[in-house]
Amino acid sequence: MTNSAQKSKRSPVIFPKNQKALTQLGENIKLARKRRNYTQTLISERTGLSRLTIRKIERGDGTVSIGHYVAVLSVLGLVDDLTKVANDDQLGRKLQDIKLMSKQG
């Protein structure tokens, strides 16, 4: 791998608060898998991902592509939960309302 290729493969910077959210996501995925009595091997076979990647997802590893998380969620029948992310954007609405109110003059 060339030096420039190595630079483009840097790990994302994940702040502790965000890592906590990823860790919780991983734990939720692991629990969902166990509730269904699915093994990591079965998830690996159905997604085409390695068992190492499945373990990383269940730990909330931020270096794993979101597409891989989606593949696992799909096997678990939970991929539609992603459509709920940012669906109710309370902060965005408040900011928009403030802007709208200031224009009324």
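Reader: Let's start with one residue: where does Leu52 lie?

Author: Leu52 lies in helix H4. Before we go on, keep in mind that this is a predicted model.

Reader: Noted. Is Leu52 exposed, buried or something in between, and what is its relative accessible area?

Author: Anything under 20% is called buried and anything over 50% exposed, with partly exposed in between. Leu52 has a relative accessible area of 43%, so it goes down as partly exposed. For a sense of distance, take Thr39, which is 13 residues from Leu52 along the chain. The C-alpha atoms of these two are separated by 13 Å.

Reader: Now the inside. Which residues make up the largest nonpolar core?

Author: To read a core, look for buried nonpolar residues joined through their side chains. The largest one here has 12 residues: Ile29, Ala32, Ile43, Leu49, Ile54, Ile57, Val64, Tyr69, Val72, Leu73, Val75 and Leu76.

Reader: Which helices each supply at least two residues of this core?

Author: Three helices do that: H2 (16–35), H4 (51–59) and H5 (66–75). H5 gives the largest share, 4 residues.

Reader: Let me zoom in on one member. What does Leu73 touch, leaving out residues up to four places away in sequence?

Author: With those neighbours set aside, Leu73 touches Ile29, Leu78, Val79 and Leu82. Ile29 is itself listed in the core. You can also use Leu73 as a landmark for Gly48: the two are 25 residues apart in sequence, and their C-alpha atoms are 13 Å apart.

Reader: And where is the place of Gly48?

Author: Gly48 sits in the loop between H3 and H4. Its relative accessible area is 64%, so Gly48 counts as exposed.

Reader: On to charges. How many salt bridges does the count come to?

Author: The general idea is that side chains of opposite charge can pair when their charged atoms come close. In this model the count comes to 3. Start with Glu58 and Arg33, whose side chains meet at 2.4 Å, N to O. This pair links distant parts of the chain, with Glu58 in helix H4 and Arg33 in helix H2, 25 residues apart.

Reader: Are Glu58 and Arg33 buried or exposed?

Author: Both are buried. Have a look at Gln40 while you're there, since its side chain makes a polar contact with the side chain of Glu58 at 2.8 Å.

Reader: Where is Gln40 found, and what does Gln40 touch, not counting residues up to four places away in sequence?

Author: Gln40 is in helix H3 (residues 40–47). Outside that sequence window, Gln40 touches Arg33, Arg51, Ile54, Arg55 and Glu58. That list takes in both partners of the salt bridge we just went through. Gln40 is buried too, because its relative accessible area is 14%.

Reader: What about the salt bridge of Asp81: which residue is the partner?

Author: That's Lys84, with the closest N and O atoms 3.6 Å apart. Asp81 has a relative accessible area of 41%, so it is partly exposed. Lys84 is at 58% and therefore counts as exposed.

Reader: And which residue forms a salt bridge with Arg93?

Author: Asp88 does, with 2.6 Å between the closest N and O atoms. Arg93 is partly exposed at 44%, and Asp88 is partly exposed as well, at 47%.

Reader: Let's go to the surface. Which residues make the nonpolar surface patch?

Author: Leu91, Leu95 and Ile98 do, and the patch is about 330 Å². Of these, Leu91 is found in helix H6 (residues 90–103). With a relative accessible area of 58%, Leu91 is exposed.

Reader: Last topic, backbone angles. What is the phi of Asn37?

Author: As background, most residues other than glycine have a negative phi. Asn37 goes the other way: its phi is positive, about 60°, although it is not a glycine. Asn37 is in the loop between H2 and H3, and its relative accessible area of 68% makes it exposed.

Reader: What is phi of Ala86 near?

Author: Phi of Ala86 is near 65°, again positive in a residue other than glycine. Ala86 has its place in the loop between H5 and H6. It counts as exposed because its relative accessibility is 65%.

Definitions and conventions: Residues are numbered from 1 along each chain as its sequence is written. This is a predicted model: local features need pLDDT of at least 70, side-chain atom pairs count only at pLDDT 80 or more; totals for chains, interfaces and linings use all residues. Side-chain values use heavy atoms; hydrogens and water are left out. A nonpolar core is a set of buried Ala, Val, Leu, Ile, Met, Phe, Trp, Tyr and Cys residues joined through side-chain atoms within 4.5 Å. Buried means under 20% relative accessible area, exposed over 50%, partly exposed in between (1.4 Å probe, protein chains only). Contact means heavy atoms within 4.5 Å. A salt bridge is a side-chain nitrogen of Lys or Arg within 4 Å of a carboxyl oxygen of Asp or Glu. Patches are made of residues with over 30% relative accessible area and no salt bridge: like charges are joined within 9 Å, nonpolar side chains (Val, Leu, Ile, Met, Phe, Trp, Tyr) within 5 Å. Accessible areas come from the Shrake-Rupley method with a 1.4 Å probe; for residues, only the protein chains shown count as cover. A polar contact is a pair of N or O atoms within 3.5 Å; within protein, one must be able to donate a hydrogen and the other to accept it, and residues adjacent in sequence count only if both atoms are side-chain atoms.
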